[in-house]
Amino acid sequence: MLILTCPCCGVTAEETEFSPGGEAHLKRYGPGSPDRDYESYMFNRKNPRGVHFERWRHTYGCGKWFLAARCTITLEVFGTYRAQTTEPPADIIAAIKARRPEWEGFA
Amino acid sequence: MKRYSAFAIAREALRQHKGWSHAWASPEPGSSYDVVIVGAGGHGLATAYYLGRNFGITNVAVIDKGWLGGGNTGRNTTIIRSNYLQDPSAALYEKSRALFETLSQDLNYNVMFSPRGVMMLAQTEHEKRGYLRTERANALQRVQTRFIQPAEVKKLVPIINLDGPRYPVLGALWQARGGTARHDAVAWGFARACSDMGMHVIEQCAVTGVEAAGGQVTAVNTTKGTISCKKLGIVVAGHSGALADMAGFRLPVESVALQALVSEPVKPCMDVVVMANTVHGYMSQSDKGEMVIGGGADGFNNYTQRGSWHHIEETVRALVETFPMISRLKMLRQWGGIVDMTGDRSPIISKTPLGNCFINCGWGTGGFKATPGSGWAMAELIAKGEPGPLAAEFSMTRFREGRFIDESVAAGVAH
């Protein structure tokens, strides 16, 4: 079972207390943007086999959104962090590198 | 290939069964083929089969990183139906269901197709309304389905409890010509027929890269060396994203784990397939007597092939209310498979940004039923380079163009 720690309230709980929200750090495109960009924002996903950055909501706790770095093969969670960022913070990157030296980095 | 028949069994019985040969050859990969199909599951093998049968293209290799039919083909709950809502889906799934009816004869291999009937329970007013709409749509599509009342549900499935406090049965969408088939046999039968046409089915051969020149695919790199090809078909279900990455494009697909479980064998108690989509559960009884139970999908991206405990709890809790007799059944096995979900819950059979590279993916939680139809449509796409009438609407560009084939009711969760 997947266990996550909410960075907003500090509670550590099982996945049933949270709701998954899909890929994090998507670049948003709105009205007036080219169709291809809008498509990539709306539908196309990295869907990696390995390190994945994603959104979660602490639905049955503080109710806040946060982000997590997780391995999609082993479900290992490298860390969780606040949602108010456009890319993963340095300590999360370091934690992933320590566990997955072959990881190519956030792109 | 020796044909299987009653006569062959009698002949071999007299020879102490020494005359049987391998059902398919296991050659080493050659250096080049007209078409390379990545993925030796049901869909990949069916694609190769119809390439040979319908278009006479037999210089084909089907390669797989694991063993034949070891992915979702060996992990599903074997349900076959075609009661979808939208016209393109109904055409594709109905074609597939129709092909299943004569598949054993076509392949000379018993796929144990059992058109025992598929029932989709309506357990909320919303669901009932949705199925009544599907019934009308199916009538226009010439797919035979019927909305039946609770009394008829009880007659068809005597073990059902109609009056559950949380999940009462308000009726059901009934497709009498749906059913099940033996999932492994479908893959084996196609592999045998492909091998007989001279195609190479190569197991334990993982793709590590896709080579291209001038925007056209030229070869695939594998753990057994580089194999050049004129055309490439990617039919790898849950791992489509990884293959697309190698070919240099992204897909509107996310992979999640879907799980199923099977009970100890019991005496025959249910001779139809029952699906309860509201509660994310569905059940049928195998020929061995096991109750085959399908559950919900995880909500987050994952490639674990194992599933989650709380989903089992949710599925079983709901099914126990609907089928009280299963409350004391012991479960034998539980497993998970990786399914590739698209935004509109419909598959992709499409050209890709890379020339002569074609992809067949996004079947999500319900690919088994489509195995022959998917292969039929994909073979036409590969052979002609352009999609035929079955595949035309399932292009990967439909998301950009806003032409969704919304099947969230028919395909959202349960299959």
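Q: Why does B:His17 count as exposed?
A: B:His17 has 10 C-beta neighbours inside 10 Å. A residue is exposed if 12 or fewer other C-beta atoms lie within 10 Å of its own, buried if 20 or more do, and partly exposed in between, with C-beta atoms placed from the backbone. B:His17 therefore counts as exposed. This is a predicted model, in which local features need pLDDT of at least 70 and side-chain atom pairs pLDDT 80 or more, while totals for chains, interfaces and linings use all residues. Residues are numbered from 1 along each chain as its sequence is written, and chains are lettered from A and ligands numbered from 1 in the order in which they are written.

Q: What makes the phi of B:His17 worth a note, and where does this residue lie?
A: Its phi is near 55 degrees, a positive value in a residue other than glycine. Most residues other than glycine have a negative phi. B:His17 lies in the loop between α1 (6–14) and β1 (32–38) of chain B. Helices (H or I, at least four residues) and strands (E, at least two) are DSSP runs, numbered from the N terminus.

Q: Why is B:Met112 called partly exposed?
A: B:Met112 has 17 C-beta neighbours inside 10 Å, so it counts as partly exposed. B:Met112 also has a positive phi, of about 55 degrees, although it is not a glycine. Its place is the loop between α4 (103–107) and β4 (118–122) of chain B.

Q: What makes the set around B:Val36, B:Val62, B:Met119 and B:Val274 a nonpolar core?
A: A nonpolar core is a set of buried Ala, Val, Leu, Ile, Met, Phe, Trp, Tyr and Cys residues joined through C-beta atoms within 7 Å. The largest such core has 123 residues, and those four have the most contacts inside it. Helix α7 (residues 183–196) of chain B gives the largest share of this core, eight residues. Apart from it lies another core, of 15 residues, among them A:Leu4, A:Val51, A:Phe53 and A:Cys71.

Q: Which residues is B:Val274 in contact with, leaving aside its neighbours within four places in sequence?
A: They are B:Met119, B:Leu121, B:Val157, B:Tyr282 and B:Met283. Two residues are in contact if their C-beta atoms, placed from the backbone, lie within 7 Å.

Q: What makes up the contact of α2(B) with α7(B), by class?
A: It has 10 nonpolar, two polar and no charged residues. Ala, Val, Leu, Ile, Met, Phe, Trp, Tyr, Cys and Pro count as nonpolar, Asp, Glu, Lys and Arg as charged, and the others, Gly among them, as polar. In α2(B), B:Gly42, B:Leu45, B:Ala46, B:Ala48, B:Tyr49 and B:Gly52 take part. From α7(B) come B:Val186, B:Ala187, B:Phe190, B:Ala191, B:Ala193 and B:Cys194.

Q: How many residues does each domain of chain B give to the contact between them?
A: Domain 1 gives 30 residues and domain 2 gives 27 residues. Domain 1 is 26–82 + 84–108 + 183–253 + 345–411, and domain 2 is 118–178 + 255–342. These bounds come from an automatic or database domain assignment. The domain 1 side divides into 12 nonpolar, 12 polar and six charged residues. Its largest share, four residues, comes from α3(B).

Q: How many residues of each chain take part in the contact of A with B?
A: Chain A gives 16 residues and chain B gives 20. α1(A) supplies the largest share of the chain A side, three residues. By class, that side has five nonpolar, five polar and six charged residues.
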